[in-house]
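Reader: Hi! I'm new to protein structures, and a whole model is a lot to take in at once. Could you choose one small part, look at it closely with me, and then show me how it fits into its surroundings?

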Amino acid sequence: MYRRLPAHDQKDHPMPFRPSETCLVYHSADLDRTARFYREAFDIDFEKRGSGRDAFLFARLGPDFSISFNQGQPEVGKSPIMTFTLADGGIADAVSALAANGATIVAPVGAAPQGHGAVLLDPDRHRLGLYQPASKPLSLR
């Protein structure tokens, strides 16, 4: 259950973002095989985005929930990653705020398909990702 911090605690631990969507991001050794499997098993039609090594699959499952498969070798414990999209940008601010609130930075802000991303561990060591479109500013401050 989500617990909102009392007003005095919010000043000490500002969270400068509100995700616009959540995406489960998996790795797939064979994107075509993965797309075929999920289409046949669950009637999910993925869009193939990007090309070459930057190709990935994307499917919107609800208004603010999606699933994506990036090319790469799946590794237990590293996939899936629950990824929060920051539609307005500010990923650098969000990473700093999360780290100040107990998250561990695994991969700092860097290039991601059509944007910027970062990977962190929450206090229980669950992986979580942040993503923002390339056209948005890294900081909103």
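Author: What follows starts at one residue, Glu21, and then moves outward to the sheet around it. Keep in mind from the start that this is a predicted model.

Let's find Glu21 first. Look for strand β1, which covers residues 21–28, and you will see Glu21 in it. Is Glu21 buried or exposed? Its relative accessibility is 13%, and because anything under 20% is called buried, Glu21 counts as buried.

Which residues surround it? If we leave out residues up to four places away in sequence, Glu21 touches Phe58, Arg60, Asp64, Ser66, Thr83, Phe84 and Thr85. Take Asp64 as an example: 43 residues separate it from Glu21 along the chain, yet their C-alpha atoms are 4.3 Å apart. With Ser66, Glu21 makes a polar contact between side chains, at 2.6 Å.

Arg60 deserves a longer look. Side chains of opposite charge can pair when their charged atoms come close. Here, the side chains of Glu21 and Arg60 form a salt bridge, with 3.1 Å from N to O. Glu21 belongs to strand β1 and Arg60 to strand β3 (residues 56–62), so this pair ties together parts that are 39 residues apart in sequence. What about the exposure of the two partners? Glu21, as we saw, is buried at 13% relative accessibility, whereas Arg60, at 43%, counts as partly exposed.

Another neighbour worth visiting is Thr85. You will find Thr85 in strand β5, residues 81–85. Thr85 is buried too, with a relative accessible area of 11%. Besides Glu21, Thr85 touches Pro19, Ser20 and Tyr131, again not counting residues up to four places away in sequence.

Now let's step back to the sheet. Strands of a sheet pair through backbone hydrogen bonds, either parallel or antiparallel. This sheet is open, has eight strands and mixed pairing, and runs in the order β2-β3-β4-β1-β5-β8-β7-β6. In that order you can spot β1, the strand of Glu21, between β4 and β5. The two edges are β2 and β6; each has a single partner strand, so one side of each is left without a neighbour in the sheet. From one strand to the next, the twist averages 25°.

At one of those edges, three bridges join β2 to β3, and the two strands run antiparallel. There, Glu47 stands opposite Phe58 in β3. You have met Phe58 already, as one of the residues that Glu21 touches.

Helices rest against these strands as well. Helix α2 packs on the sheet and touches β1, β2, β3 and β4 (65–71), with its direction at about 150° to that of β4. Helix α3 lies across β6, β7 (115–121) and β8, and runs at about 160° to β8.

Val109 gives us a residue to look at in that second region. Val109 lies in strand β6, residues 104–112, and counts as partly exposed at 30% relative accessibility. Its contacts beyond four places in sequence are Ile91, Ala92, Val95, His116, Gly117, Ala118 and Leu138. The C-alpha atoms of Val109 and Leu138 are 8.7 Å apart, while the two residues are 29 places apart along the chain.

Finally, back to charged pairs. How many salt bridges does a search of the whole structure find? There are four, and the Glu21 and Arg60 pair is one of them. Another joins Asp32 and Lys48, with 3.3 Å between the closest N and O atoms. This pair also links distant parts of the chain, since Asp32 is in helix α2 (residues 31–42) and Lys48 is in strand β2 (residues 47–49), 16 residues apart. Both partners are partly exposed: Asp32 at 46% and Lys48 at 48%.

A further salt bridge connects Asp93 with Arg141, whose closest N and O atoms are 3.7 Å apart. Asp93 sits in helix α3 (residues 91–100) and Arg141 in the segment after β8 (127–133), so the pair ties together parts that are 48 residues apart in sequence. The partners contrast in exposure, because Asp93 is buried at 7% and Arg141 is exposed at 73%.

Note on methods:
Residues are numbered from 1 along each chain as its sequence is written. This is a predicted model: local features need pLDDT of at least 70, side-chain atom pairs count only at pLDDT 80 or more; totals for chains, interfaces and linings use all residues. Side-chain values use heavy atoms; hydrogens and water are left out. Helices (H or I, at least four residues) and strands (E, at least two) are DSSP runs, numbered from the N terminus. Buried means under 20% relative accessible area, exposed over 50%, partly exposed in between (1.4 Å probe, protein chains only). Contact means heavy atoms within 4.5 Å. A polar contact is a pair of N or O atoms within 3.5 Å; within protein, one must be able to donate a hydrogen and the other to accept it, and residues adjacent in sequence count only if both atoms are side-chain atoms. Two strands pair if DSSP finds at least two bridges between them. Axes are lines fitted to C-alpha atoms, for helices over the stretch in contact, and angles run from 0 to 180 degrees between N-to-C directions.
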